[in-house]
Amino acid sequence: PGTDDPVDDAEEVRAFADEHGYPVAIKADGGGGGRGLKVVHEESEIDEQYKTAKREGEAYFDNDAVYVEKFLENPRHIEVQVIADTHGNIRHLYERDCSVQRRQQKLIEETPSPSLDDETREEICEAARRGVGEAGYVNAGTVEFLYEESEGHSPSTSRAESGDGDFYFLEVNARIQVEHTVTEVATGIDLVKQQFIVAAGEELDFEQSDVEPRGAVMEFRINAENPHDDFSPTPGTLETYRP
């Protein structure tokens with residue numbers, strides 16, 4: 001649940017929270033990477049967090065508009081790789097799980113997701129494919145979702161057995177992403193090559209049924225951080241590099 005339009009004052013945040021319950025998230029309209037995202041756990045926090053979210057939106061994105069969503073306490077971050085050509089062909093290349101994060105920044109990406117059963121995997125991938133089709137999207141892209149596991153759910157039990165887990169649309173990254181290589185290794189499909197095919201106005205050279213992921217693939221991001229200071233970023237000159 002979330003507002004369709006930016007909220008005009010803290011009272012709208014209060015009304016939304018009264019209807020949907022706490023916690024709620026106040027999010028900068030132009031935000032990303034956790035900037036301009038403020039979580040409200042009780043009514044007394046609303047006024048201050050509303051002002052802070054608007055202030056960060058203005059400072060970081062030159063846009064102080066904010067909207068409100070129900071805040072999910074411990075969801076999985078699931079993203080689906082898609083690619084679409086100018087002839088109406090749309091393919092998904094299955095999912096990546098990017099739930100291991102620090103400060104809303106991804107640290108590890110893996111496929112397949114350890115939290116999805118086969119039924120949910122097909123559902124979420126088809127939702128991504130259908131969504132970009134309705135939008136008339138062309139190019140490689142990533143459809144991101146938040147997935148909240150139901151209590152007692154595990155990949156070895158079906159959604160019917162455990163009670164449905166729910167997934168929610170988050171955003172589309174309208175480009176190829178750093179973690180696309182995870183998908184390439186699992187599927188054997190060269191996504192950058194497919195982008196050139198799409199850009200040349202040609203049809204994708206594989207069918208959905210040709211996409212058969214195999215094995216498990218993980219990508220680890222290497223960050224310059226200080227473990228003695230809460231793993232804070234430590235930019236500077238790299239003196240040595242021994243991969």
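The paragraphs below go through a predicted model of a protein, from its overall make-up to single residues.

The protein has 243 residues, and 39% of them are buried. Its secondary structure consists of six helices and 11 strands. Measured out along the principal axes, the C-alpha trace spans about 55 × 55 × 40 Å. The surface that the protein exposes comes to about 13600 Å², with 47% of it supplied by carbon and sulfur atoms. Among contacts with a separation of 6 or more, 64% are between residues 24 or more positions apart.

Charge is the next topic. The protein carries 23 positive and 55 negative charges, and the mean positions of the two sets are 5 Å apart. Some of the negative charge gathers in a patch on the surface, made of Asp4, Asp5, Asp8, Asp9 and Glu12. Of these residues, Glu12 can be placed in helix α1, which covers residues 10-20. Is Glu12 buried or exposed? The answer lies between the two words: Glu12 counts as partly exposed because its relative accessibility is 33%, and the partly exposed class runs between 20% and 50%.

Opposite charges can also pair up in salt bridges, and the count for this protein is 18. One of them joins Asp64 and Lys54, whose closest N and O atoms are 3.8 Å apart. Asp64 sits in the loop between α2 (46-61) and β3 (66-70), while Lys54 belongs to helix α2, so this pair ties together parts that are 10 residues apart in sequence. Asp64 is partly exposed, at 34% relative accessibility. Lys54 is partly exposed as well, with a relative accessible area of 21%.

A second salt bridge runs between Glu79 and Arg96, with 2.9 Å between the closest N and O atoms. Here the pair links distant parts of the chain: Glu79 is in strand β4 (residues 76-84) and Arg96 is in strand β5 (residues 90-102), 17 residues apart. Both Glu79 and Arg96 are buried.

Which other residue forms a salt bridge with Glu79? The side chain of Lys106 does, at 2.8 Å from N to O. Since Lys106 lies in strand β6 (residues 105-111) and Glu79 in strand β4, this pair ties together parts that are 27 residues apart in sequence. Lys106 counts as buried because its relative accessible area is 14%, and the buried class lies under 20%. For Glu79 the relative accessibility is 0%, so Glu79 counts as buried too. These pairs belong to one network, in which salt bridges that share partners join Glu79, Arg96, Lys106, Glu109, Glu144, Glu179 and Arg221.

Glu144 also appears in the surroundings of Leu170. Leaving aside residues up to four places away in sequence, Leu170 touches Lys27, His77, Glu144, Phe145 and Leu146. Leu170 is part of strand β8, which covers residues 166-173. With a relative accessible area of 27%, Leu170 is partly exposed. From Leu170 to Glu126 there are 44 residues in sequence and 15 Å in space, C-alpha to C-alpha.

Pro235 gives another such pair of distances. From Pro235 to Arg96 the separation is 139 residues in sequence and 28 Å in space, taken from C-alpha to C-alpha. Pro235 lies in the segment after β11 (232-233). Its relative accessibility is 77%, so Pro235 counts as exposed.

The last topic is the backbone. Most residues other than glycine have a negative phi, and most peptide bonds are trans. Where in this chain are peptide bonds cis? One cis bond joins Tyr22 and Pro23, with omega about 0°. Pro23 is in the loop between α1 and β1 (24-32). Another cis bond leads from Thr111 to Pro112, again with omega near 0°. Pro112 is in the loop between β6 and α3 (118-135).

Positive phi values are found at Asp62 and Phe231. Asp62, which is not a glycine, has a phi of about 55°. Its place is in the loop between α2 and β3, and Asp62 is exposed, with a relative accessible area of 64%. For Phe231, phi is near 55°. Phe231 is in the loop between β10 (225-226) and β11, and it is partly exposed, with a relative accessible area of 35%.

Terms used
Residues are numbered from 1 along each chain as its sequence is written. This is a predicted model: local features need pLDDT of at least 70, side-chain atom pairs count only at pLDDT 80 or more; totals for chains, interfaces and linings use all residues. Side-chain values use heavy atoms; hydrogens and water are left out. Patches are made of residues with over 30% relative accessible area and no salt bridge: like charges are joined within 9 Å, nonpolar side chains (Val, Leu, Ile, Met, Phe, Trp, Tyr) within 5 Å. Accessible areas come from the Shrake-Rupley method with a 1.4 Å probe; for residues, only the protein chains shown count as cover. A salt bridge is a side-chain nitrogen of Lys or Arg within 4 Å of a carboxyl oxygen of Asp or Glu. Lys and Arg count as positive and Asp and Glu as negative; His and the chain ends are not counted. The place of a charge is taken as NZ of Lys, CZ of Arg, CG of Asp or CD of Glu. Helices (H or I, at least four residues) and strands (E, at least two) are DSSP runs, numbered from the N terminus. Buried means under 20% relative accessible area, exposed over 50%, partly exposed in between (1.4 Å probe, protein chains only). Contact means heavy atoms within 4.5 Å.
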